[in-house]
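Fancy a guided walk through a structure you haven't met before? Grab a pencil, try each exercise yourself, and then check the worked solution below it.

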Amino acid sequence: MKRRLFLASSIAAALGGCAPIGTALNDNPGFHHLLGLEGALDAAILGDSSGLARRYSVADISPHFPVDSLPTPTSSTYEALLASGFRSYALAISGAVERPMRIPLARLAGMAQQTQITRHDCVEGWSAIGAWTGVPLRNVLLLAVPHRDARYVVFRCMDRDDQGTPYYESLDMAQAYHPQTLLALQLNGRPIRPDHGAPVRLRVPTQLGYKSAKWVAEIQIVGSFAHLYGGKGGYWEDQGYEWYAGI
Amino acid sequence: MRYSVIVQRLVYRYALLTRLAHWFGAIAVAVLISSGLQIFNAAPYLDAADRSTPARRVLSIGSPADGVGQLTLFGHTFTTTGFLGWGSDGVGGESARAFPGWLTIPAYQDLADGRRWHLFFAWVASLAWLAWLVSSAIKGNLAEMVLRPSDLPKLLPMQAYYLRLRREPPPHGTYNPLQKAAYTFVLLVLAPLIVLTGLALSPGIDAIAHPLTVLFGGRQFARLWHFLGMLLFVGFALVHIVQVATQGFFNHMRSMISGWYRLRDHESVGP
């Protein structure tokens, strides 16, 4: 009986010890940094992979596509855009480009469109399949002619969290030029709904959902994103999520 | 005289690499389980499908109201308040949470950090397993462990011994037939299943190797297999720990630390 008690208490101690020790190590900056090296390794090995996200058929489309992001913008700017049916919307392209520009929604809609039925995987664990239609990001970037030394494409968005911090994201040039990286205007054959990121959202099917920024207002080409907000290249990255979010 | 007999019966059972792989693996797996539960908590349900499909939900853990925790398995709901669905939030209170704080790394809810731990220790566990597998295969030690057809008739007598229906275990080599069955299943079937389903969910892998994800029935299905693999592994680990503790705790611990194991009367060395 004593042995059983000893055994049961050892197992309980081992189980109960795991969480506190793990939590203490997690809160140690050096150890936390060490754990993060794995993400850097993934990015180094796979970051610029040209692998394609799997394509699906119409029958595979999710009947309900979840909304799981910061809330739909409530700013007067966004309200005005919404009221105009986004006719007053123009996507700004700035930074390290030959030709900074503003592209009205009608012009984006007039460019050659790509439709992809791909799976969206959220970092939380859910997946949904949708048919996204829009302009390959590559074609939009080429209009503005990025400088040769351009390294990252930053997406500045109209949504903000409850602290007022705006959403932003970034891709490197290889990810931005990936043939499936899209500036999406439609989901399942209809203009993107406001809560899904209207009028223009990014769609990066080879990466986790948080990369596919909604409500994109401006695209900025930069050499480094270290000076932006938390310096990690994205809203969720600044809160500890990996910059490289390949699927 | 008596001492010499005892010395003769001490055998060098575990190579250094096997012992290192065992302890690195044990720590890594403990971390993987608790950080995996942390990751599960962010989407506490499992679907037998590629995309999330509530109609094909196998398991879900939730909190329908404050102070209530529930687990639903194949449509049957059980109240699990205080443990699953509603329990320790890891910072001294209670909250809606699939797995409680005392089971997760970190104890508080933090998906980003849970992923950091999980992906880092996935390398440790996989490399420990792979190093052990390759070296055992090269050295031929694997033959001692793999279950053979000739072991099958000994399985029931061995179980009868554990159930105290039989005084002596059947004579056997380095491992008894039930150990062989368990080790063969866990190290050669379950471990690859867990590694491959984990790989299907790993950064950048699906885009360069869809067939792997398709093989398991899709992304959400891979999550389900990965979780199921974890449950089977936990079952093995519990039995393993009980067996070590009751079948000669000191002898087993010494052998996995120093390599030296004292043979018992019914044991010999070999397959």
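The exercises below go through a predicted model, chain by chain and piece by piece.

**Exercise 1. Work out how chain B is divided into domains, and how its domains touch.**

Step 1: Start with the bounds. Domain 1 of chain B covers 2-42 + 109-262, and domain 2 covers 44-108.

Step 2: Now look at the spacing. Taken over C-alpha atoms, the centres of domain 1 and domain 2 of chain B are 27 Å apart.

Step 3: Count who meets whom. Domain 1 of chain B brings 20 residues to the contact, and domain 2 of chain B brings 18 residues.

Step 4: Ask which elements on the domain 1 side do the touching. Helix H2 (16-41), helix H3 (111-139) and helix H9 (219-246) of chain B each give two or more residues to that side. H2(B) has the largest share, with seven residues.

Step 5: Sort that side by class. The domain 1 side that touches domain 2 of chain B has seven nonpolar, nine polar and four charged residues.

**Exercise 2. Describe how H2(B) and H3(B) pack, and decide whether they are roughly parallel or antiparallel.**

Step 1: Get the geometry. The axes of H2(B) and H3(B) are 8 Å apart, and the packing angle is about 155°.

Step 2: Compare with the cut-off. Angles over 145 degrees count as roughly antiparallel, so H2(B) and H3(B) are roughly antiparallel to each other.

Step 3: Add the handedness. The crossing of H2(B) past H3(B) is left-handed.

Step 4: Check what the contact is made of. Between H2(B) and H3(B) there are 18 nonpolar residues, eight polar and one charged.

**Exercise 3. Trace the four-stranded sheet of chain B, then find the hairpin.**

Step 1: Read off the order. This open sheet of chain B runs E2-E3-E4-E5, with antiparallel pairing.

Step 2: Find the edges. Strand E2 (45-47) and strand E5 (76-79) of chain B each pair on one side only.

Step 3: Look at the twist. Ignoring direction, neighbouring strands of this sheet are turned by 10° against each other on average.

Step 4: Zoom in on one pair. E2(B) and strand E3 (residues 57-62) of chain B run antiparallel and are joined by three bridges. Here B:Asp47 stands opposite B:Arg57 in E3(B).

Step 5: See what lies across the strands. H9(B) lies across E2 and E3 of chain B, at about 115° to E2(B).

Step 6: Move on to the hairpin. Strand E6 (residues 85-88) and strand E7 (residues 94-97) of chain B run antiparallel, with four bridges joining them. One opposite pair is B:Gly87 with B:Ser95 in E7(B). The hairpin has five residues between E6(B) and E7(B), and B:Gly90 in the turn has a positive phi of about 85°.

**Exercise 4. Map the open sheet of chain A, and explain why its edge strands have a side without a neighbour.**

Step 1: Write down the order. The sheet has five strands, E2-E1-E10-E5-E6 (chain A), and the pairing is mixed.

Step 2: Look at the ends. Strand E2 (101-104) and strand E6 (166-172) of chain A each have a single partner strand, so one side of each has no neighbour in the sheet.

Step 3: Add the twist. On average, neighbouring strands of this sheet are turned by 20° against each other, direction ignored.

Step 4: Follow one pair. Strand E1 (residues 90-95) of chain A pairs with E2(A) in the antiparallel sense over four bridges. A:Ala92 has A:Arg102 in E2(A) as its bridge partner.

**Exercise 5. Say what chain A brings to its contact with chain B.**

Step 1: Count the residues. The contact takes 36 residues from chain A and 34 from chain B.

Step 2: Name the elements. Helix H1 (2-26), helix H2 (29-46), strand E3 (114-121) and strand E4 (127-136) of chain A each supply at least two residues to the side touching chain B. H1(A) gives the most, with nine residues.

Step 3: Sort by class. The side of chain A that touches chain B has 16 nonpolar, 14 polar and six charged residues.

**Exercise 6. Locate the cis peptide bonds before A:Pro199 and B:Pro106.**

Step 1: In chain A, the bond from A:Ala198 to A:Pro199 is cis, with omega near 0°. A:Pro199 sits in the loop between strand E8 (190-191) and strand E9 (201-203) of chain A.

Step 2: In chain B, the bond from B:Ile105 to B:Pro106 is cis, with omega near -15°. B:Pro106 is in the loop between E7 and H3 of chain B.

Notes:
Residues are numbered from 1 along each chain as its sequence is written. Chains are lettered from A and ligands numbered from 1 in the order in which they are written. This is a predicted model: local features need pLDDT of at least 70, side-chain atom pairs count only at pLDDT 80 or more; totals for chains, interfaces and linings use all residues. Domain bounds come from an automatic or database domain assignment. Two residues are in contact if their C-beta atoms, placed from the backbone, lie within 7 Å. Ala, Val, Leu, Ile, Met, Phe, Trp, Tyr, Cys and Pro count as nonpolar, Asp, Glu, Lys and Arg as charged, and the others, Gly among them, as polar. Two strands pair if DSSP finds at least two bridges between them. Axes are lines fitted to C-alpha atoms, for helices over the stretch in contact, and angles run from 0 to 180 degrees between N-to-C directions. Angles under 35 degrees count as roughly parallel, over 145 as roughly antiparallel, 65 to 115 as roughly perpendicular and the rest as oblique. A crossing is left-handed if the near helix is turned anticlockwise from the far one by less than a right angle, and right-handed if clockwise.
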